[in-house]
Structure formats: structure tokens, C-alpha cells
Amino acid sequence: MEAKISSYPPLGQVTQLKDKTFQFLALLEVEEDFADDSWEVAIWHSSADGNWTEKLLSPVPGSDPPPSHQVTNPSNAILYFSASFFISSPLTFTLKFRNSRNQPWRWLSEASGIADGIVLINPEKPLDGKRDDLSDIIRGLNPDLKVKVAASQTPGTQLWTVNANVGRAEGDHSAYADVELGNPWGGALRYFALVRHGSPWLGPRHGSSPFSLDKDAIMCSFLSDQGKHLVLLGVSGVDYVMTLFRSSDSGSVQLHIRNDSEVESEGLVLVAVGDKFESAIAAVMYHARTVTLAARNGDSEVTRELQSLSEDIKPEWYENWYDGLGYCTWNALGQRLTDEKILHAVESLAEDRINISSLIIDDNWQDIDYEGQDQYQYGWKGFEAEPTAFPSGLRDTVSRIRSKHPSIQHVAVWHALLGYWGGISNNGDLAKTYKTVQIDRNDSNLKGPITVIAKEDVGKFYDDFYRFLSNCGIDGVKTDVQYMVDTWVSAKHRRELTETYLDSWMLSSLRHFSIKTISCMSQAPQLLFHQQLPRNRPALLVRNSDDFYPNVPDSHPWHLFANAHNTLLTQHLNVLPDWDMFQTDHEFAGFHAAARCLSGGPIYITDAPGKHNREIIKQMTGPTPRGKTVIFRPSVLGKSVDPYTSYDEPVILKIGSYHGRAVTGIPMLGVFNISKQPLRELISISRFPGVLPSITYVVRSHRSGTVSPVLQLGFPTSILTVSLGVRGYDILTAFPVAQFDSETNGRIFVANMGLVEKMTGAAAIFADQSELLHTGKVFLDTRLKALGVLGVYISSLPDMSIQRDFMVTIQGQPIPPHTVTVNASDPHVLSVDVETAWKEMGLEAGWSNEVEVKVYFDIEHP
């Protein structure tokens, strides 16, 4: 007899609650033949005194289960059990169950191997003015460190700066210092770190005490058993110093400091403590921006030009670059590009009616010498495209693309920051035109000398190259391999050239391409703080993790997990995180598509010609009234809502996002099964970002289309049952509900759901309002950024008549009656097919490129 159990708060995780009183809920899945047995579920728990006690849970009536959007196994039955709890100290618990009082208890920890759950009460309360001593928080704090209190810009947090001495560089040799910091909380309940997963990339690491890292970290966060969060941030790129974190054999934190400067210096660590992880990490990131700004010459020529170039950028340029569907040649067309391959690919997209607005010509278009064992040794010869593959030149190729496919607004090309992976060819025109230097490098794939443009010619080199590209019709660049500046062996070269390359590239790209650039392989510590943190320049589109690898199955769940956790830090940079291209004709296509939609970043595909999943593309995009295809980016970046849950735990990955204004906006929660087993969880709507206790919501599943009953935070019914098969996913959207009281039908609930056939269709809403007119009709006014099917939740819809009770207009004109129906997936949702109505009515776009839909309905219906 098989039985599975899950709970809220969940086992195996740490749950932080605001209230000391909460409802514990358990779900028991049993075979249908045993559903009528006298099942019992008990929670075995302990608190601060260390004594373990048992509490029997009460069965929940079958008429009042938590809402579920997924189909369960028909051969199994779902039973719920609950109990009220009041706790004043941390609670540790596990569960046991049996199918009658005559049977022995079965312990869940023995049946499934899931660890105990922990509940921490973390009430929101203002600081009382009393400041903690950092030595009480970091046990064994090294007395040789210089610790100073700093003013935090984030409410509810305390902030310190910690400095450690490091010697000066000698010639080409950097100075290093490894300094003991101490043991956060004397042993943390859980920790989360972002490490240098590879030289170009960040990646998450997790664990419990003792603290142990396999790679150097730039940020670490430690959760105490009292629900406090301690965040450490190593600051790099100031005065040529890099500060990272390592773990000692005893589980303490160590500082690893490198100084490239010719004078003695200090490594800097920022430390923040708060009741929320998000507040604590915001505190150190805000202060890091202050520190890096103060370290720069605010009146330098670079700063002045950045300011001038930034002022020239118009807001609509961001929308044109970020919000269109893009196509990249990298995985699609192989490693040896030709003009005919590219032209065939865009022609194939057009034939399949896939309307892209941006084309990225990725690696392998350049004129390379192909000298050496692999791409890491190849050098770049000249600006013009490879003459055999592009016999008529780059300009001819771009001209043919633009003339035949005018909907492609932007064409960008790839290049490495130093030209190519192996720098500049010694035998090409570039080496003859610009002064070069030889530099030694040392990385896993990159060893030996490389030729690069010398310091005095770097600015001219970028300007000349980008001028050539502009003359060819190119209006954007993807600048890759930027971390290469950190692989240089010589401290002198890093000191003299790193900022020269980064600043010159930034200025030249803004001069020639405005914001239409992508920074890639650029998560080396100095680049994060020098290039991506400052606000004195436009936001930069930056790749957020390692690549999409279509032929490596295990890479796909990790890709989502890494991006979701990296964004916990990169959300505070002056960047728009880019979760990379993907293929729609792939077994993980829906998995990636849902994550890209939630990310808040760009979406571009890399499908082989003719191999497209049009249904997936349709769920991500929609046509505007002017015919452009746009994506639906939420206004808040998608990120993990569980900072301390590790990749290897059998837990659903939850990516939270939000669209709209504070209070009245729409929370979203993506759920992804990244484990190798089916998962079922009970998820409180408190996990949705931005949900407020004063507002009621209905939650809609994108995959099933079903809608929950009206939910409100703090009520026992505010928990959802989520079931996902291996690699299953869904997007759950919590729509705020408006309430209208009728004389004949009581209280009626209404919610605007945006475009319901889109993964993040709520982000299609520009603006909306609803009101009760004096005629007794409800008026819902919606302005949309694209065409599609507008969904409106109306609690009384099953009792209403569309013909009798509704009137719908688009741009002020009544729409064809057959385009207004009851949604096939949920009888409480009214579907307005705006796209079909627009076409049949022969409407044209106005000056604003928006679609205004007005819905009137009678709440006093018979």
C-alpha cells in the first residue's frame, strides 16, 4: 500500500512566517481502494526547549479542499488534514501517518528520506534604535579587521563596512591576502552563495552548517535560527582590488583578496543584517553603488560623455529593442556561417509566419585566421566578413535581409571584447592598422599569449569598427568573452587595460548603437562593479548565466535554477538580465519559454530553419495593431522566491514576478519541477510576490486555464495544491479582485486577466479600471499592448447570458457577437477574442498603438 504526503509549511525546508498563529495543512495521497480507511496523520514537533511532542491533525471535509489546477492520478485519492498552531520559538517537525489506529505509525522521514521541516516566526517590526554588535553576529570575528558602522539606505536593516589589508603588487605579480572573517551566527541554519561558477559566470551554491564552498564567492547569505539574514558582499573593481569569499576547513568565512595596484590597499566587505533576505541584499548593493561612485572621478571625460549620451536616449527605444521577438543564429545554423545560411533562415521564419524584429548574427561571420588548435587561439584579421562565406560583403547581406524583410528592425552582430576568442591575428589588416601588445593569459581553456589592441588605440579601434558596422546596416552588437580581461596573468596589464577596454567599449557602443548592445560572459567581479552597477549610463542588456545547451539534458533544469538565483543579485545592477536564447522545437521548449516570459528580459529563439513550435511562440508573443510581434515582459524581474533551497532538494523551483503598480499590480509565480521525480506541494499565496492581506485574488493556471475560488492571505483556504510531473511547469497568476454588490445576486467578484492564451498575458495590460455605473451595470475598461483573447473573471458568469447581459466594444465600436464566449477551460471566465474581432471589423491602429476594450455587463441579471 503506497501513500505520499506533503504539507504546508513544507518538510525539508525552512519556512518564515509573520504570525505566531498559523494553520498547518497536510495532503495525503493514497490508492483509491484505501481511501475510506481511518487514516490518521500526526505532526511530531519540538521547539526551543528541545522536547518533542505529538499533535494529531484533523481531517478536512471533502467539500472544503485547497484549490488545485492540475489533474491528479485518477486511481488515487487525495485526503487533507489540518491543525492550528501557536508558536513563539522556532519549530522543527516531521510527520507520521497510518491507515487505522490498529496499525503502526509510518514515519515520513523513513518512507521518503525527506528531512525535518523548520518554521521560523519573523514578524515585521521596526528597528528600535538599538544596534547589534557585529561580533555578536559573526562569532570569532577577526579583531584585526577594520569594522565600521555605515548608514543603510534600506529600512529594517543594519549595515557595516569591513576592511582587510593587502600588500602592493610587485611588477607583473599581484599581491594576495587570505584573511579569516569569522563564523556567521556561530553556525547558520542555511546559507546561499553566488560563486564564480566559471570564469565568465555566476552560479548558486547552497547548504547548511558547516559552511563549505567549492569555488570563490562574491556574495554569501546566512539564515539564523531566529529568522535573521546576514548578507556579505565582496566589493571588486575599486582601486584595482578584488575581494572574494572562501570557506575554511572549520566552516568559517575567509576573505580572498587580490591587489593589482602598486600601492598597499584594502579589501572591502559590506555586511548587512535584516529580517528579510531581499532587504539585506538590497542594503549591501545600494551601498556598493555609493562606494564605487565615490571611488571614481565624477568629472572625468568618460563620466561626462556617458551622461551626455544617456540624455539622448528616448524611452521608446527601450521598448523597440527589448520587447520584440528576436532570432539568433548560434544553435540554429552551426559553427560556419554563410550569407546564404542566414538568408535562408530568415526566409524560413517568414514562410512560417514567425515575425521577428531583431536578428543576431552570432559567432563565425568574421574573417578569422584559424591558426591554432581551436577557437581560443584563432585571431581576427579584419572588419569585413569572411570573404568566402560572404563573397559580396557584410553590407550586401544586411541590405538583402532588410529589403526583403522590413519587419526586421534591428540586425546585430557578435564579436568578442578583444576582437575574437584568440584576440587579434598577427597576420591581418587589424595588426597593421592598430598598435598591439602581447599578453599572457591563464584560464581553463585559455593559456599562452594573446595579441590585443594596445591601450592608446582601443578607443579608435572600437569607433572604427562600429562605424564600419553602421555603414553596413548593422545597428547593434553582442559583445562576448568580456571576462577575458580577468584571465590576463600580469597585474600591470589588468591595471592598465581593463577599465580602458570596458569604458571604451561602453562609449563606442552608445555612440553608434545607443542601447542596442548585449554584454555577454561578463560576470567577472570587476565587470559587475565597474560596468554593470553604476547608474550614470543606460541600463545594459547582460547575459545572466551560462549558455543554453540544447544537447545536454541535465543542463536545462540547472539553467533555470541558476538564472533564477543569479537574479537575486543582478536585479540590483543597472542591467536587464538576459536568460539566453533557446529552441522552440525542443523537448524542454515549454520549460524554457515559461521561464523567459517570467524573467522580465528579452526573448530570442535559435530554431533551425523550418523547425519551430508555433504554439509555444504564440504563447510567448502577440501582434500589435501595427503588425509588430511583441513579447509580454512583467514589470518586475523574475527571480527565485526561495533563496536557501538547493538544486538537489526535491522541491519545486518557484520563480516569482509581478506586473503593474504596487498594491494594484498582478503577482505571478512560475512553478518548475527541476527534480527527477514527480512533485506535489502545498503553496501559500503568500509566496506570490506582492500579494497583500487587504486584497482578494483569484489564481489562474496557464497550463490548465482553471481559476481558483476567491482567496485572501491569512485565511486557511489561501493555499494551493500544485502537482507537477518530471520536468512539468506552470505559471500561476494571482489577479486582484474587484467586488460589486448587487441587490438581486449578492456580491459579485470581477478580475481582469489580460490575454489569457499568453504565458504572461497579464503583462499585456497597459491600464485598466472598473466601476459600477448608476445604471447598475459594471464597466471594465482595458488598454492592451497587443491583440489576443482578453479574459475577464466574473464569479456569477455561469448564471448569466452573454446575449442578454453583455456589451463589448473595441475602439468604441461594438464587436461581432461570436467573438465573445464563455472560456472553455473555466465557466467563470469571459473570453473576448480581440484579435479576431479586430480583423473582422477592419480596424486600424491609432497614434498610441494600443487596443482599448470596454466590457459592460448587468450584475442585476435575473
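Two residues are in contact when heavy atoms of each lie within 4.5 Å. With that criterion, the present structure, which is a predicted model, can be explored from a single residue outwards.

Leu669 is a suitable starting point. This residue belongs to strand S38, which covers residues 666-672. Leaving aside residues up to four places away in sequence, Leu669 touches Val641, Lys654, Ile655, Gly656, Ile683, Arg687, Phe688, Asp730, Ile731 and Leu732. One of these partners, Asp730, is 61 residues away from Leu669 along the chain, yet the two C-alpha atoms are separated by 8.5 Å. Because its relative accessible area is 0%, under the limit of 20%, Leu669 is classed as buried.

A second residue, Leu194, may be examined in the same manner. Leu194 is placed in strand S15, residues 190-198, and it is buried, with a relative accessible area of 0%. Apart from residues up to four places away in sequence, Leu194 touches Gly203, Pro204, Ala217, Ile218, Met219, His565, Asn566 and Leu569. Between Leu194 and Ala562 there are 9.4 Å in space, C-alpha to C-alpha, although the two are 368 residues apart in sequence.

The discussion now turns to helix H13. Helix H13 consists of the 16 residues 555-570. At 1.5 Å a residue, H13 should span 22 Å, and its end C-alpha atoms are 21 Å apart, so the model agrees with the expected span. Of the 16 residues of H13, 15 are buried, and the helix is therefore largely enclosed by the rest of the structure.

H13 also packs with helix H14, residues 589-599, at an angle of about 10 degrees and with the two axes 10 Å apart. Since angles under 35 degrees count as roughly parallel, H13 is roughly parallel to H14. On the side of H13 the contact is made by His556, Pro557, His559 and Leu560, and on the side of H14 by Phe591, His592, Ala595 and Arg596. By class, the residues of this contact divide into four nonpolar, three polar and one charged.

Another packed pair is formed by helix H10, residues 458-471, and helix H11, residues 491-513. Their axes are 9 Å apart and meet at an angle of about 30 degrees, which means that H10 is roughly parallel to H11. The crossing of H10 and H11 is right-handed. H10 contributes Val458, Gly459, Tyr462, Asp463, Tyr466, Arg467, Leu469 and Ser470 to the contact, while H11 contributes Thr500, Tyr501, Ser504, Trp505, Ser508, Ser509, Arg511, His512 and Phe513. Sorted by class, the contact of H10 with H11 has seven nonpolar, seven polar and three charged residues.

Helix H7 offers a further case. Its 13 residues, 339-351, should span 18 Å at 1.5 Å a residue, and the end C-alpha atoms are 18 Å apart, which agrees. Within H7, the residues Asp339, Ile342, Leu343, Ala345, Val346, Ser348 and Leu349 are buried. The buried residues of H7 pack against strand S22 (325-328), helix H6 (330-333), strand S23 (358-361) and helix H8 (394-404). Just after H7, Arg353 takes a positive phi of about 60 degrees.

That last value introduces the backbone. Most residues other than glycine have a negative phi, and most peptide bonds are trans. Met521 is not a glycine, yet it has a positive phi of about 55 degrees. This residue lies in the loop between strand S30 (517-519) and helix H12 (525-532), and Met521 counts as buried because its relative accessibility is 11%. Gln811, likewise a residue other than glycine, has a positive phi near 50 degrees. The loop that holds Gln811 runs between strand S49 (806-810) and strand S50 (813-814). At 31% relative accessibility, Gln811 counts as partly exposed.

Cis peptide bonds complete the account. The bond from Tyr8 to Pro9 is cis, with omega near -5 degrees, and Pro9 is located in the loop between strand S1 (3-8) and strand S2 (14-17). The bond from Ser209 to Pro210 is also cis, with omega near 5 degrees. Pro210 is located in the loop between strand S16 (201-207) and strand S17 (217-223).

Conventions:
Residues are numbered from 1 along each chain as its sequence is written. This is a predicted model: local features need pLDDT of at least 70, side-chain atom pairs count only at pLDDT 80 or more; totals for chains, interfaces and linings use all residues. Side-chain values use heavy atoms; hydrogens and water are left out. Helices (H or I, at least four residues) and strands (E, at least two) are DSSP runs, numbered from the N terminus. The expected span of a helix is 1.5 Å times one less than its number of residues. Buried means under 20% relative accessible area, exposed over 50%, partly exposed in between (1.4 Å probe, protein chains only). Axes are lines fitted to C-alpha atoms, for helices over the stretch in contact, and angles run from 0 to 180 degrees between N-to-C directions. Angles under 35 degrees count as roughly parallel, over 145 as roughly antiparallel, 65 to 115 as roughly perpendicular and the rest as oblique. A crossing is left-handed if the near helix is turned anticlockwise from the far one by less than a right angle, and right-handed if clockwise. Ala, Val, Leu, Ile, Met, Phe, Trp, Tyr, Cys and Pro count as nonpolar, Asp, Glu, Lys and Arg as charged, and the others, Gly among them, as polar.
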